[in-house]
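Dear colleague,

Please find below the structure I promised to pass on to you. My notes on it follow directly after.

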Amino acid sequence: DTKYQFPTDAEDMSVITCRVQYLDDADPFACTNFAEPRRPPPYTFYEHVPLSEQIAGVHKLLDAPLKLEECTLQLSPGGNYLDLESSLAEQRDDLELFYEDVAQGKKPILILRTQLSVRVHSILEKLYNSNGPELRRSLFSLKQLFQDDKDLVPEFVNSEGLTCFIKVGAEADQNYQNYILRALSQIMLFVDGMNGVIQHNETLQWLYTLCGSLSRLVVKTALKLLIVFVEYIDSNSPLLIQAVGTVDSKRGVKPWTYLMDILEEKNCSDSELLVYTVSLINKTLAALPDQDSFYDVTDCLEELGMERIMQKHMSSKGTEADLKQQLAIYENALRFEDGEVEEPHPNTRRERRKGALNAEEGRRSRRSSFNNLVDGSVTLAVPPPSSPRSPELHASTTLPPDSHQCTRLNLYCNVCVCPSADHLRQTPSLWKSRRHCRTLSHRWRAEVLSGDPQKAELESLGGRAKAAKARLAEEQQGRAVRPQCSIDAEMHSHNLETTLMMPLSRDSKGAWDRLQPTSRALKIKDLDFSDLLEEEDIDVLDADSFDARVPNGIPPPPPTLAVLGLGSPAVSKKKKTVKLFWKELKQSDSPRKSKFGRGTVWASLDKVAVDSAKLEHLFESRAKELPVKKSEILVLDPKRSNAINIGMTVLPSINIIKNAILTFDEFAITKEGIEKILTMMPSDEEKQRIQEAQLANPDVPLGSAEKFLFTLSSISALSARLQLWAFRLNYETLEKEVAEPLFDLKLGMEQLAMNTTFKRILATLLAIGNFLNGSNVSGFELSYLDKVTEVKDTVHRQSLLYHTCHVVVEKYPETSDMYSEIPAITRSAKVDFEQLSDNLVQLERKCKSSWDNLKVMAKHEAKAELKNKMTEFLKDCTERIIILKVVHRRIINRFHSFLLYLGQPSYSVRDIKVTQFCKIISEFSLEYRTTRERVLTQKRKRAAHRERTKTRGKMITETEKFSAAVSPPPESSPAPVWMTADLEPSQEEHENMKNLLTARVDQGIMRRSRAVRSTMIMSAKEDSPGSQDDATDEIMDRLVKSVTQNPTQRPSSPKTRKRSRLNRKSCKGIIGPLTIIDLYFSCLVCIFSLGKGTAVQRVA
């Protein structure tokens, strides 16, 4: 995959000569549409070379005032845009007319102009960021721009241009809205534009909202566009119904209210608007495929008074024929669906709609159902309170079973005779009543034709309904009409709230500062900061409760009386002791409550009693004794070329690099590769020199470094793409570097506040220090922990930490080494939190610049998927950075609260650095762990030494087991005469062994002196080598012999052993019976084999 070079073979050097011009359309609104120069110069194109490598020559020849990276080529006049990544030969199928002109010897004209994406981006930027007359001129010119360039419409729609229309239109007045509607009408004339509107339901919502405008021209244009939209394809009708339902549900009114307001002529509507409104309703109904959708729309219209409006206009002599025709179409369509007429109107559907599969059978329109509810007594019910248009009528009456034919019950405009259509569909019993009413309809009509004396009662009922309707009209007239701009802003504030952080949104510069923390939990990946409450947004040092700061930064004078605290009271000392130069803490009179506890840590410490005599002896002050402290186009500098060639060794091929940068393919290029490419970016001078050299020598290939830079220069918005990509790949690491130390600090404060060993150490240090200082303070600043190892006693030169640890271990053996229980503090001590704050600021700055890079990239990016993906990524990053800022602020405020809990004065809390504090605690805990290990080791050695002293030099004959074996028999019990002769030899042996053992002990004692040791060594040399072993063996033999010969003299007691669970027995008890049985069978075998006599002898 190497970059394409200019062909050198003669048959591949086919060229096409064209004429070229440029069109200065960098600003689409200032373009004159006249190409320059008027007499286009010729230019020769290589047919098999990508146009991206030849466009630089065209740009230089024409000396066009356009940016080269933003240029493209278009066939003239108004032809296709050429693909710069392909050659002319590769696009031959799309350039038939072009090649026909070439075959006829003509020279086609190619226009050098700005890319479509760049022009659309300029249009959107102009609409978002302009106002006043400039915005009016821009909006007025949009329709002409879309007429002049048909390729601009799909690019505008794909670049979220419709969202831009809605955003600008919601904030503009009626004149600007009319200009936007003109441009939108031009877009909808193209298939690509209509498809874009179909996929963008917000546009339909906005058009329906404009139907409630006070401007007649705006309403008229909006209705026209909606009619064209519905007429375009039948599937558009449900989309309009969806948009209407969305808008009116947010307003809290019934669907189609805006259109019914037009028919009721609330805003002085003329007949033309009435015709367009009824036409839109008829078109929408005609395109609906099923009865449920049809009746849903008609029921809403009837509930809003459609029948009353029809009667009004049909009975009026001044009603235009077109309006009557449209009203007749609506009436015929409704009756045709109800089955009341057999022949539809010529302008309506020719066949009836089918109901849905799960719909109730026999559903009819609201009007038909109402007219059929006449059998028996029917109660007039009040509509649901959720309907703002329903009057509050709490009356019930009885409909007569008979009525005059000309009397129409128009009560459902004001009084809900039966529930709504949706409620009826959900209630089977009501549908049963409807079916029952339909069975009575024909009988009722016959009775009506014959007349009825109860007509007066029915008319009086209608009079009461009219009175209620009049009161409702008065209430509606008394309501204030909101201006159109407020309606638009209300309807689209929710849908467009996310456009604040879009690359081209209005006021995007100040959008970042207006962002507020969302409802997202305070979690960064698996790090949970949710216990940081909103109250911690306020620093405890800024709160009124801690407002007792020192004026002018001067600390308060010490109190005259000693504050009651922990530790021993001040006692008199006979000797002068070493002083501890700590800073005494002044306790607040009113303890404060914080997350870590009430008051300070000093208030919760236990009293520790210390050995004052021992401390006085150990820390006696002795000031005098204390010590002092082939041929290629080469245009780059050789060093620059070598650096690029070296960098290319760790990168993929050039073609892969270009495609990977355009698609953000992180599998093709790693993060290190992107950083390497950023260091090899071509400058403008290098681009120009390479292009000039290539144009001068088109048949000579570029050098590897030049080719690499030339490829990079062909990528649009290269720097913005690389920086945005680098931020995307580095964000997780950057966020982790900020979030994890903050979490460690939060966890470390909790670990230290809950650590019992730390409190024991503080209590012991406080007690020792109060004795040595002869004071009775309640606490000291923890910065003194850094000096505990430097204070040593004057006797053994052991540190104060050693003695503190010794006291803690003796008095509180359950305590730990503390260091292993606060790992988060140790990790926090290795972090520079000031640098962490700077990193958070840099992360926010990089995110803001990434939005700018996305804005630049959006000019040249044709893929909406990539733009949307990067937009969502940056939105997520923005929210997470906001969370990080909240977490950082609350963590630092909690740290200040923690220092106050540790007793630190409020005026000095801000001066204490997080890293410094954590380092003091971490180093102290590490020193304490080392000292504790030394104290415990010494304690174990002393215990082992005491045990060794108990048995050192002691013979086994002195133990209870063997003492009876060598002791003489008691004199009080003389032996019998017959045993005297036997005892004499044993007594003689006992005396000899006793003398020998006594001699061995004496020799052991004599060895302790050097003279005796030397004498023994000399005597050992004179004796035989085995003399020592012989003496030892002789002692052991006599000892064994004395024990075995006098077994009765040893004290013995029978032992009761625990029985086995398996009733186990010895092997002897099992093997004995088996042996007898084997012997018996052996005898039998011998008898049968050798004869009876011989066998008996053998057995005997």
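**Strand pairing and helix packing**

Ile16 stands opposite Phe45 in strand E2. The model is a predicted one, and this pair belongs to a region in which strand E1 (residues 15-22) and strand E2 (residues 42-46) run antiparallel, joined by 5 bridges. E1 is also joined to strand E4 (residues 109-114), here by 4 bridges and in a parallel arrangement. Within that second pairing, Gln21 has Ile111 of E4 opposite.

I then turned to a pair of helices. Helix H28 (residues 684-696) packs with helix H29 (residues 704-713) at an angle of about 110°, and their axes lie 10 Å apart. Because angles from 65 to 115 degrees count as roughly perpendicular, H28 and H29 are described in that way. The crossing of H28 past H29 is left-handed. On the H28 side, the contact is made by Glu686, Lys687, Ile690, Gln691 and Gln694, and on the H29 side by Glu706, Leu709, Phe710 and Ser713. By character, the residues of this contact comprise 3 nonpolar, 3 polar and 3 charged.

Finally, one residue in helix H35 (residues 864-901) may interest you, namely Thr878. Is Thr878 buried or exposed? Its relative accessibility is 3%, and Thr878 therefore counts as buried, the cut-off being under 20%. The C-alpha atom of Thr878 is separated by 9.9 Å from that of Leu843, a residue 35 positions away along the chain.

With kind regards

Definitions and conventions: Residues are numbered from 1 along each chain as its sequence is written. This is a predicted model: local features need pLDDT of at least 70, side-chain atom pairs count only at pLDDT 80 or more; totals for chains, interfaces and linings use all residues. Side-chain values use heavy atoms; hydrogens and water are left out. Axes are lines fitted to C-alpha atoms, for helices over the stretch in contact, and angles run from 0 to 180 degrees between N-to-C directions. Helices (H or I, at least four residues) and strands (E, at least two) are DSSP runs, numbered from the N terminus. Angles under 35 degrees count as roughly parallel, over 145 as roughly antiparallel, 65 to 115 as roughly perpendicular and the rest as oblique. A crossing is left-handed if the near helix is turned anticlockwise from the far one by less than a right angle, and right-handed if clockwise. Contact means heavy atoms within 4.5 Å. Ala, Val, Leu, Ile, Met, Phe, Trp, Tyr, Cys and Pro count as nonpolar, Asp, Glu, Lys and Arg as charged, and the others, Gly among them, as polar. Two strands pair if DSSP finds at least two bridges between them. Buried means under 20% relative accessible area, exposed over 50%, partly exposed in between (1.4 Å probe, protein chains only).
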